[in-house]
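Please open the model in a viewer and keep the selection panel at hand. The tour moves from charged side-chain pairs to enclosed and open spaces.

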Amino acid sequence: MRILLVGAGGVGTAVTRIAARRSFFEHFVVADYDPARAEAAVAALGGDARFVAAQVDASDRGAVRALLAEHRCDVLLNATDPRFVLPLFDAALAAGAGYLDMAMSLSHRHPDRPYEECGEKLGDAQFARAGEWEKAGALALVGIGVEPGLSDVFARYAADELFDEIDEIGIRDGANLTVEGYDFAPSFSIWTTIEECLNPPVVYERDRGWFTTAPFSEPEVFDFPEGIGPVECVNVEHEEVLLVPRWVDAKRVTFKYGLGDDFISKLKTLHELGLDRTEPLVVPSDRGPAAVSPRDVVAAALPDPATLGDRMRGKTCAGTWVTGTKDGAHREVYLYHVVDNEWSMREYGSQAVVWQTAINPVVALELLATGVWSGAGVLGPEAFAPQPFLDLLVEYGSPWGIREEA
């Protein structure tokens, strides 16, 4: 397999560090808008000749297509933020390459009833082109990070192995991570976090379909395993709610994120001040008027999450809570994956949230390279047999768990 990775930031760099320990590929191009960042990611691998660095603008479909052709790449792995999903998705299809991403095309809220009805949902723009991918005999595997990604694999595993009928699949994400020396330092991209948390959350119900609620709705306290403990979680827009019902039969699907009151308060303040906006504002500068996105300014003012690992302490947990029946009896389980920041920093030099996201596309690439997973069209992780993925995750040295609820 010959791979093009676009995006050499924290997750992209972690992908290279994980992949470097595996033998399933022969050539791996690490591309970024900033060539120095791509070169640094490759240099950190200690001279592994399979890896080369390149410069590319992720918004330039033609340039991405040319890079795929130049290196005869079989697949493009998108490690950029969601703004670049569609140009990379389109470039891969035009080049006849496969495609993977960890976040899907952006949503657009309903113009009149944003907190009751869906407008354009996450991934709609990609699923609208599924027929073209099928016709080309090519695969776009979408949402294959940790959430979405591993959480979706857990949902399919629960349906296949643990339940006869499912009432609810609820993704629950929580952590007890702290960052020394900062009052506010998100452990993941603040651009993406603002997008997820301030957009209307989507809920799925079998009898109603997809609908939206207000941001931070339906708070609940969820008890996370391995010492993390109780964390208040709230509804957040996320891909699993749009992916799971396409392949897994459940009466209800939700996503709730453990944000905490302080984080929620700061996000609300950003919204009230208009600093969550992506549309540029014209502001004065020493070189004259400049067009600047307020959200980009917020991101620039905060530390890069990839640089925080040495200051972080604690664990992060991604998981899928499922309720339903098995053999006529009620059952409730939580399938989960926990990463300790001290371990991920010691083993890979990547902070826990970044590493936990990065391992899953590498596992998926290996399954595709070896033919264990295959297909054509635009497919989510739920479309594939889950056991090989979970077995390979353990082989990578990152075990997962199941907690049977009382």
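The stops below each give a selection and then describe what is found there.

**Salt bridges**

The model is predicted, and side-chain atom pairs count only at pLDDT 80 or more. Under that rule, with nitrogen and carboxyl oxygen within 4 Å, 32 salt bridges are counted.

Begin by selecting D167 and K251, whose side chains form a salt bridge with an N to O distance of 3.2 Å. D167 belongs to strand 7 (residues 165-175), while K251 sits in the loop between helix 9 (239-247) and strand 13 (252-257), so this pair ties together parts that are 84 residues apart in sequence. Switch to a surface view of the two residues: D167 is partly exposed, at a relative accessible area of 27%, and K251 is likewise partly exposed, at 36%.

Next, select R346 and E347. Here the closest N and O atoms of the salt bridge are 3.9 Å apart. Is each partner exposed or partly exposed? R346 is exposed, with a relative accessible area of 55%, because the threshold for that class is over 50%; E347 is partly exposed, at 33%.

Move on to R403 and E405, which meet in a salt bridge at 3.0 Å, N to O. R403 has a relative accessible area of 21% and is therefore partly exposed, since buried means under 20%.

Now select E168, R172, E205, E218, E220, R252 and K256 together. Salt bridges that share partners join these residues into one network.

**The cavity**

Turn to the interior spaces. The structure contains one cavity of 30 Å³ or more, and the volume of the largest cavity is about 70 Å³. Which residues should be selected to find its centre? Nearest the centre are S107, R109, G119, T212 and E237, out of 13 lining residues. Colouring the lining by class shows four nonpolar, four polar and five charged residues.

**The second largest pocket**

Keep R109 selected and add E195, N199, T278 and R295: these five are the closest to the centre of the second largest pocket, which is lined by 17 residues. This pocket holds about 370 Å³ of space. Select helix 8 (residues 190-198) as well, as the largest share of the pocket lining, four residues, comes from this helix. By class, the lining of the second largest pocket divides into five nonpolar, six polar and six charged residues.

To close, display R109 alone with both spaces: R109 is among the residues nearest the centre of the largest cavity and among those closest to the centre of the second largest pocket.

Conventions:
Residues numbered from 1 in each chain as written. Heavy atoms only, no water. Helix = DSSP H or I, 4+ residues; strand = E, 2+ residues; numbered from the N terminus. Buried < 20%, exposed > 50% of the residue type's maximum accessible area, 1.4 Å probe, protein only. 1 Å grid on protein atoms, 1.4 Å probe; cavity = no way out; pocket = protein on both sides within 12 Å on 5 of 7 lines; lining within 4 Å. Points joined across faces, edges and corners; volume = space filled by probe spheres on them. Nonpolar A, V, L, I, M, F, W, Y, C, P; charged D, E, K, R; others polar.
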